[in-house]
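Me: I've just opened this one and don't know my way around yet. Can you walk me through it?

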Amino acid sequence: MFSFDTGVALITGGGSGIGQAVAVSLAGAGVPVVVADVNARGIDETLAHIRTKGGEGLGVELDVTQAASVDRAFGAAEDWKGPVTSLVNSAGILKVEPFEHFPEAAFSQVLNVNVTGSFQCAQRAASGMKAAGFGRIVNLSSVSGYRAGVGRAAYGTSKAAINGLTRQMALELGRYGITANAVAPGPTVTAMTEPVYNAETKASLLPMIPAGYLADPEDISAAIVFLLSRQARYINGQTLAVDGGYLASGMLQTAELKL
Ligand SMILES: NC(=O)c1ccc[n+]([C@@H]2O[C@H](COP(=O)([O-])OP(=O)(O)OC[C@H]3O[C@@H](n4cnc5c(N)ncnc54)[C@H](O)[C@@H]3O)[C@@H](O)[C@H]2O)c1
């Protein structure tokens, strides 16, 4: 039902979690995928999954905060198959500290990876997409970009910034056949959340998620893959919550009436 334009997809953070699920799913649909990550072991793991599906993948070590590293990764993709026409900015980090004691260095690091990293990769991708007359950018936002969470001063701020950055990309690149959208996942079980969700945290989240469970990476990657498809060409500048209804809900009890 969905098809993809010719060209390469580059997935930052492709060595784990949501990025890995996108890489495997796209490669399974016949798209050549560059798996880019700081974690070499994660890259190998994703490439092994891609091979199992009979897909084509290239692993590239990438630190999204370093302009030279970003340029090298895109250069490797271009040498392999030509311009990157699909970019998924899934590289991200989460640091949880109380607001009053949040170390400035940690705050800057989160902004640097999550926001500046996505900016740098999209900026590097834009020229190739422009030349191809086609491009798809999907940034990873979060429900934390809309709702505050304890300890998430840096993370939540970075994801709110991603929503704005996505609109900016959509406006300035739209005329070249490029779309930029964001996906805002709800709580998803990955390596990122493993250390910050204990059993009590998970139990406290569940009543707020109408779907009744925490997402798997595949729940999120399905929406990302759709936004990368040809058929999504008229969707631009949006942030799509993929959260089981978390952002839609608020009041859980009205007098004696409750779910
Ligand atoms: N898991 C969730 O609940 C959740 C919810 C909302 C949004 N998100 C967002 O989705 C994205 C993916 O998260 P995930 O849950 O799959 O996390 P994850 O930790 O499983 O994967 C993130 C990947 O990014 C890589 N990475 C980190 N810093 C990097 C850097 N400087 N350069 C290149 N790669 C780097 C890591 O090595 C890792 O492989 C993130 O942007 C995250 O903020 C996750």
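Reply: Sure, with some terms up front: Ala, Val, Leu, Ile, Met, Phe, Trp, Tyr, Cys and Pro count as nonpolar, Asp, Glu, Lys and Arg as charged, and the others, Gly among them, as polar. This is a predicted model, where local features need pLDDT of at least 70, side-chain atom pairs count only at pLDDT 80 or more, and totals for chains, interfaces and linings use all residues. Residues are numbered from 1 along each chain as its sequence is written.

Me: OK. How many nonpolar, polar and charged residues does the shell around the ligand have?

Reply: The shell has 12 nonpolar, 16 polar and 2 charged residues. A residue belongs near the ligand if its C-beta atom, placed from the backbone, lies within 6 Å of it.

Me: Which residues come nearest?

Reply: Gly13, Ser16, Gly17, Gly92 and Thr190, out of the 30 around the ligand. Helix H1 (17–28) and helix H4 (104–132) are the elements that give two or more residues to that shell. H1 provides the largest share, 3 residues. Helices (H or I, at least four residues) and strands (E, at least two) are DSSP runs, numbered from the N terminus.

Me: What does H1 do with helix H7 (residues 217–228)? How do their axes cross?

Reply: Their axes come within 8 Å and cross at roughly 55°, which makes H1 oblique to H7. Angles under 35 degrees count as roughly parallel, over 145 as roughly antiparallel, 65 to 115 as roughly perpendicular and the rest as oblique. The axes are lines fitted to C-alpha atoms, for helices over the stretch in contact, with angles from 0 to 180 degrees between N-to-C directions.

Me: And which residues of H1 and H7 meet?

Reply: On the H1 side they include Gly17, Ile18 and Leu26, and on the H7 side they include Pro217, Ile220 and Val225. Contact here means C-beta atoms, placed from the backbone, within 7 Å. By class, the residues of the H1 and H7 contact divide into 8 nonpolar, 4 polar and 1 charged.

Me: What about H1 and helix H2 (residues 40–52)?

Reply: Those axes come within 9 Å and cross at roughly 25°, so H1 and H2 are roughly parallel. Gln20, Ala23, Val24 and Ala27 of H1 make the contact with Thr46, His49 and Ile50 of H2. That contact has 4 nonpolar, 3 polar and no charged residues.

Me: Switching to H4. At what angle does H4 pack with helix H5 (residues 153–173)?

Reply: About 15°, with the axes 9 Å apart, so H4 and H5 are roughly parallel to each other. Among the residues in the contact are Phe107, Leu111 and Phe119 of H4, and Tyr155, Ile162 and Leu165 of H5. The contact residues divide into 16 nonpolar, 3 polar and no charged.

Me: Now Val70. Is Val70 buried or exposed?

Reply: Val70 is buried because 21 other C-beta atoms lie within 10 Å. The cut-offs are 20 or more such atoms for buried, 12 or fewer for exposed, and partly exposed in between, with C-beta atoms placed from the backbone. Val70 sits in helix H3 (residues 67–81).

Me: What is Val70 in contact with?

Reply: Leaving aside neighbours within four places in sequence, Val70 touches Leu62, Val64, Gln120, Cys121 and Arg124. Val70 and Arg124 are 54 residues apart in sequence but 7.6 Å apart in space, C-alpha to C-alpha.

Me: Last one: what is phi of Ala255, and where does Ala255 lie?

Reply: Phi of Ala255 is near 50°, a positive value in a residue other than glycine. Most residues other than glycine have a negative phi. Ala255 lies in the loop between strand E8 (253–254) and strand E9 (257–258), and counts as exposed because there are 5 C-beta neighbours inside 10 Å.

Conventions: Contact = placed C-beta atoms within 7 Å.
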